[in-house]
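Welcome, and please have your viewer ready. We will go from stop to stop, and at each one you will hear what to select and what is there.

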Amino acid sequence: MNKLRVVLDTNVFLVSLAPHYKYHWLYQSLIQGKYELAVSNEILIEYQEQIALRYGLQRTDTTLDFLLMLPNIHLFNPSYLWQLIESDKDDNKFIDCFLASQSDYIVSNDRHIHQIKTIDFPPIQVLRYEEFEQRYQSDFVS
């Protein structure tokens with residue numbers, strides 16, 4: 001059986017790092033190999049920038065180096081850029097990674113990314129964090 005493969009929006013990924021947030025189970029499940037995370041260089045750069053702002057540079061380097069060693073983290077660099085999100089073009093990196101990686105979902109609370117649900121092609125599955133939690137937390141957390 002293939003593991004679930006997801007793309008995590010930066011904000012969801014960031015709050016999953018903090019042990020005292022309800023999102024932390026997501027990071028713990030990733031470390032335990034319960035699902036696969038698809039990332040691109042663009043996504044990693046954004047993760048790095050945001051972690052540095054929130055937690056400091058040393059934590060950033062440690063976190064990303066550790067993540068990239070995990071066998072369930074997959075790096076994809078999309079060869080085609082769809083440019084489907086007009087209202088916040090920076091969010092297109094998540095759509096492009098989703099499509100290139102053939103992921104199951106994008107997990108995001110960003111309203112711009114959720115606007116993609118109005119597009120019929122290509123099919124893109126986006127879940128809010130709460131929807132993802134409802135469907136998968138009990139499967140991942142043992």
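Are Lys-93 and Glu-46 buried or exposed? Keep that in mind while you select the two residues; the model you are looking at is a predicted one.

**First stop: Lys-93 and Glu-46**

Show both side chains, and you will find them joined in a salt bridge, 2.7 Å from N to O. This pair ties together distant parts of the chain: Lys-93 belongs to helix α5 (residues 92-101) and Glu-46 to helix α3 (residues 41-55), with their positions 47 residues apart in the numbering. As for the question, Lys-93 and Glu-46 are both buried.

**Next stop: Glu-36 and Arg-5**

A search of the whole structure turns up two salt bridges, so here is the other partnership to look at: select Glu-36 and Arg-5, whose side chains meet at 2.8 Å, N to O. Here strands are linked, with Glu-36 in β2 (residues 36-39) and Arg-5 in β1 (residues 5-8), 31 residues apart.

Why does Glu-36 count as buried? Its relative accessible area is 16%, and the cut-off for buried is under 20%. Arg-5 is buried too, because its relative accessibility is 18%, again under 20%.

**Last stop: Arg-128**

Now move to the loop between β5 (126-127) and α7 (129-140), where you will find Arg-128. With 33% relative accessibility, Arg-128 counts as partly exposed, a class that lies between under 20% and over 50%. Finally, add Arg-111 to your selection: its C-alpha atom is 9.5 Å from that of Arg-128, and the two residues are 17 apart along the chain.

Definitions and conventions: Residues numbered from 1 in each chain as written. Predicted model: local features only at pLDDT ≥ 70, side-chain atom pairs only at ≥ 80, totals over all residues. Heavy atoms only, no water. Salt bridge = Lys/Arg side-chain N within 4 Å of Asp/Glu carboxyl O. Helix = DSSP H or I, 4+ residues; strand = E, 2+ residues; numbered from the N terminus. Buried < 20%, exposed > 50% of the residue type's maximum accessible area, 1.4 Å probe, protein only.
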